[in-house]
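Reader: Could you walk me through some backbone details of this model? I'd like the reasoning along with the values.

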Amino acid sequence: MRTLILGLVLCCFSGAQLSAQGFLEGRPFTNHTEVGGLFGNVEYVTNPYGTPKTYGRQNKTNLTIQTFNGLMLTSRLAGGVTLGVDWFNDALINPIALGARYDLISRYNARLFGTLDAGYGFTWFYKNLNGNKLNGGLMLNPGIGWRLGKPGNAGFTIAITYKRQEAIMKMPVDRAILRQEEARQYNRLAVRVGIVF
Amino acid sequence: MKPGRLLLILSALPFLAGGCTDRCEKTQIVRQIRPVTLSAAEVRSKVKIQAPADLEQPGKIYIKDQYLFINEIKKGIHIIDNSNPSNPRHVSFISIPGNGDMAVKDHILYADSYMDLVAIDISNPEQAHEAGRKQNAFTSGVFDGLGWSYDAGTGTISDQEMYFLEETFETNCEGVVPNPGYWWWGGIYAFYGTAYLSSSITGSSSSSYSGSTAQSAGAGTGGSMARFTLYDDYLYTVDQRKLQLFDVSSLTSPAFVKDIDLGWGVETIFPYRDKLFIGTSTGMHIFDNSTPSEPKHLSEFRHIRACDPVVVHEDVAYVTLRSGNVCGGSVNRLEVVDISNLANPQLVKAYEMQNPAGLSINYPTLFVCEGEYGLKGFDVSDKFAVDKNMLFHEKGMEAYDIISMDDNVMMIGKDGLYQYNASDPKNLRKLSHIPVRAPAVITEKKE
């Protein structure tokens, strides 16, 4: 799956370059680089063997950085590739996604825009410990944001998005444990500030 | 609808659907242990011949003439026609509940079945049948590290069995596992005990030595992990704390003679000439067996706590110490012991190993099973340089116990039975492999 997605992204990326001679030729390049936090919580069982089971809750805050590079396909829509890095607790994930940025309101200096990134989160830079093996998973990141700055110029952005990132942590097995893995689904509110040009 | 509005709506959907709560679930399938109660009558009714079956969880091996006997832990014994080691043929399977050890004298196979010692006529291995039984010969034992006990008063066997449990926990997405409790670790603990304590209270052994071990005329040969052995007209069994003697002069009517307390941790018995070498978790006992009905304790060679099968050649005993099992200990070692003075055995030299289990000697070649690290062969002509004279190292299989007979080597492990031609130990030649069919893993889901 991840190979397929990576292939699609790279094809689109290289296709965009190749097509630059045609459809994309002359279309302006745009970059949107953001940094922010991933906010959420988790509810988990603290004693699965109790009667009744007992549960706990933890708040989670993590750092996220991403950069979108693309072309202005229309005066309001930009398409491209988003590369990022998300430092979750016990997971370092590098999402690579196809991305879109769409100006919902484009007439003012403070403009509302929509953002959508969909791709796959890789774990290339995560150092596995204790025989564990972290595998990445699908990533979806839609949201809205405000862009401050004159149309046509560079500007500052603040975006509020929902980020869903899947991952699987496989733990070592032996003869007493035939299988053990943790299926993770991070559901976070991502608040980012950035610059766009 | 305009694209912008559509995108706005799409952006809002996930908030409604999933919120911002991480959802992480850890799924694990672990071995578990639960008690099982059996009746003696039920167990006794289940000893019978069956069609040949695949190996699933092989235990010990034993050889008599052209037949190879492979214990299926707690279930029975496979009989293999090994006339052609390159093409061994399954002959039959004898269902023996609670079986872990065996020994063969003439045409009678002695096997433990929980509390009983069963004599099975194998003159026609395809039509093997129970010929006699010594009831209530044993009172407790261990399989796979799990103990069982027998209450003769009620005819009840209290045993334990392993099963697999699939559990799912909501976690905090950080790989933290809720502590499953002691019983879960028991599963691991039990497993690692398999190699050494797979047999029931009795154990058996004959020699794994290809040379001149003196044992009962007409007896076969067992591996170094055995707890049964035959000598003269006596069957010797060891449980976890004592040596038991059974008179088998009447082949089908084994009669209890006596037992000798050896202290806790008895594991294996190895006969050599008129001596018995008994491996325990803390040392090696040497018995003079020149009067077979009255084994006389000569000495004990003590070592640090570990499981330790032993084989002997002339005046040298070879002992492996292994960690990571129910015997405790943390060493993996081959010890070479001078037994020229049986009353005062002395260590010659100790060699570090990886995870040694059963061993066998066909002098000057010593074969050592190294568990998951495979099988090794050493030239032990020079007692002080065994480690420098490794002849071969077969990898890629799990080696548990071994018997060397002339040029042939039979090795059993969790992967099955391997046979080799060792006429040139430096170029070990694989003859055949009887694989293990993994038993279907039946899991139960925790509600």
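Reader: Thanks! How many bridges join strand 15 of chain B to strand 16 of chain B?

Author: Happy to start there. Strands here are DSSP E runs of at least two residues (helices are H or I runs of at least four), numbered from the N terminus, and two strands pair if DSSP finds at least two bridges between them. Strand 15 of chain B and strand 16 (residues 234–238) of chain B run antiparallel, and the number of bridges joining them is four.

Author: A word on conventions: this is a predicted model, in which local features need pLDDT of at least 70 and side-chain atom pairs count only at pLDDT 80 or more, while totals for chains, interfaces and linings use all residues. Residues are numbered from 1 along each chain as its sequence is written, with chains lettered from A and ligands numbered from 1 in the order in which they are written.

Reader: Which residue stands opposite Leu230(B) in strand 16 of chain B?

Author: Leu230(B) and Phe228(B) point one way from strand 15 (residues 228–231) of chain B, and Thr229(B) and Tyr231(B) the other way. All of them are buried, a term for 20 or more other C-beta atoms within 10 Å of a residue's own, against 12 or fewer for exposed and partly exposed in between, with C-beta atoms placed from the backbone. Across from Leu230(B) in strand 16 of chain B is Leu235(B).

Reader: And which residue of that hairpin takes a positive phi?

Author: Most residues other than glycine have a negative phi. The hairpin of strands 15 and 16 of chain B has two residues between the strands. The positive value, near 55 degrees, belongs to Asp232(B).

Reader: Is Asn130(A) buried or exposed?

Author: Asn130(A) sits in the loop between strand 5 (110–122) and strand 6 (133–135) of chain A, and its phi is positive, near 55 degrees. There are 7 other C-beta atoms within 10 Å, so Asn130(A) is exposed.

Reader: What is omega for the cis peptide bond that joins Thr51(A) and Pro52(A)?

Author: Most peptide bonds are trans. Pro52(A) lies in the loop between strand 1 (29–47) and strand 2 (54–72) of chain A. The cis bond joining Thr51(A) to Pro52(A) has an omega of about 0 degrees.

Reader: Where is Pro364(B) found?

Author: This proline also follows a cis bond: the one from Tyr363(B) to Pro364(B) has omega near 10 degrees. Pro364(B) is in chain B, in the loop between strand 27 (359–362) and strand 28 (365–369).
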